[in-house]
Amino acid sequence: MTVRPVARVVGGRDEVRDDLWGSVGAVIRLDGERFGEEALYGLADFSHLEVVYHFDRVPEDRIETGARHPRGNTDWPLVGIFAQRGKNRPNRIGVSRCELVRVDGLDLHVTGLDAVDGTPVLDIKPYLAEFGPRGRVRQAAWSVELMRDYYDAEA
């Protein structure tokens, strides 16, 4: 399988950190050699995006295939890599939802994208509420604690 990035993240953070992504602004810059502005027609009508990207800064020897304590915190349970959203995944694929601020040529200005400067973007989709969860959402208590400050610090 061959996957080519459709864009790259420009700006925002230049180093990986776990929390406070909510106010981080960045640009997703489409590959101008492969795409023209028409690839983005209509996208400005949406408030949010789903972005699929590659965790390219994770070395292969750091990939997890079993279980671990999320963020290395032994107060949280040992859980399998597919029961968490950590970056050290087998295929190093990340999925994020962020706010689309504006479209400017081949640039998508966003906030809340938890990917760093230079990250290869594999796909971009408008977020549609109808693709969100149907019914009640259930999640592990440790994950609620982990996500408490992920986008914004609690007041």
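This passage describes the strand arrangement of a predicted model, beginning with its barrel and ending with a single serine.

In the predicted model, 6 strands form a closed barrel in the order E1-E2-E7-E6-E3-E8, and their pairing is antiparallel. From one strand to the next, the twist averages 45°.

Strand E1, which covers residues 7-10, pairs with E2 and E8 in this barrel. Its partner E2 spans residues 25-30; the two strands run antiparallel and are joined by 4 bridges. The pairing of E1 with strand E8 (residues 120-126) is likewise antiparallel and comprises 2 bridges. Individual residues of E1 can be matched to their partners. Arg8 stands opposite Arg29 in E2, and it also stands opposite Pro120 in E8. Ala7 is placed opposite Val121 in E8.

In a regular strand, side chains alternate between the two faces of the sheet. The two faces of E1 are distinguished by their covering: Ala7 and Val9 belong to the covered face, whereas Arg8 and Val10 belong to the uncovered face. Thus Arg8, the residue that stands opposite both Arg29 in E2 and Pro120 in E8, is on the uncovered face of its strand.

Another strand of the barrel, E6, extends over residues 93-104 and contains Ser96. Is Ser96 buried or exposed? Ser96 counts as buried because its relative accessibility is 2%, and the cut-off for burial is under 20%. The side chain of this buried serine makes a polar contact with the side chain of Asp114, at 2.6 Å.

Terms used. Residues are numbered from 1 along each chain as its sequence is written. This is a predicted model: local features need pLDDT of at least 70, side-chain atom pairs count only at pLDDT 80 or more; totals for chains, interfaces and linings use all residues. Side-chain values use heavy atoms; hydrogens and water are left out. Buried means under 20% relative accessible area, exposed over 50%, partly exposed in between (1.4 Å probe, protein chains only). A polar contact is a pair of N or O atoms within 3.5 Å; within protein, one must be able to donate a hydrogen and the other to accept it, and residues adjacent in sequence count only if both atoms are side-chain atoms. Two strands pair if DSSP finds at least two bridges between them. Axes are lines fitted to C-alpha atoms, for helices over the stretch in contact, and angles run from 0 to 180 degrees between N-to-C directions.
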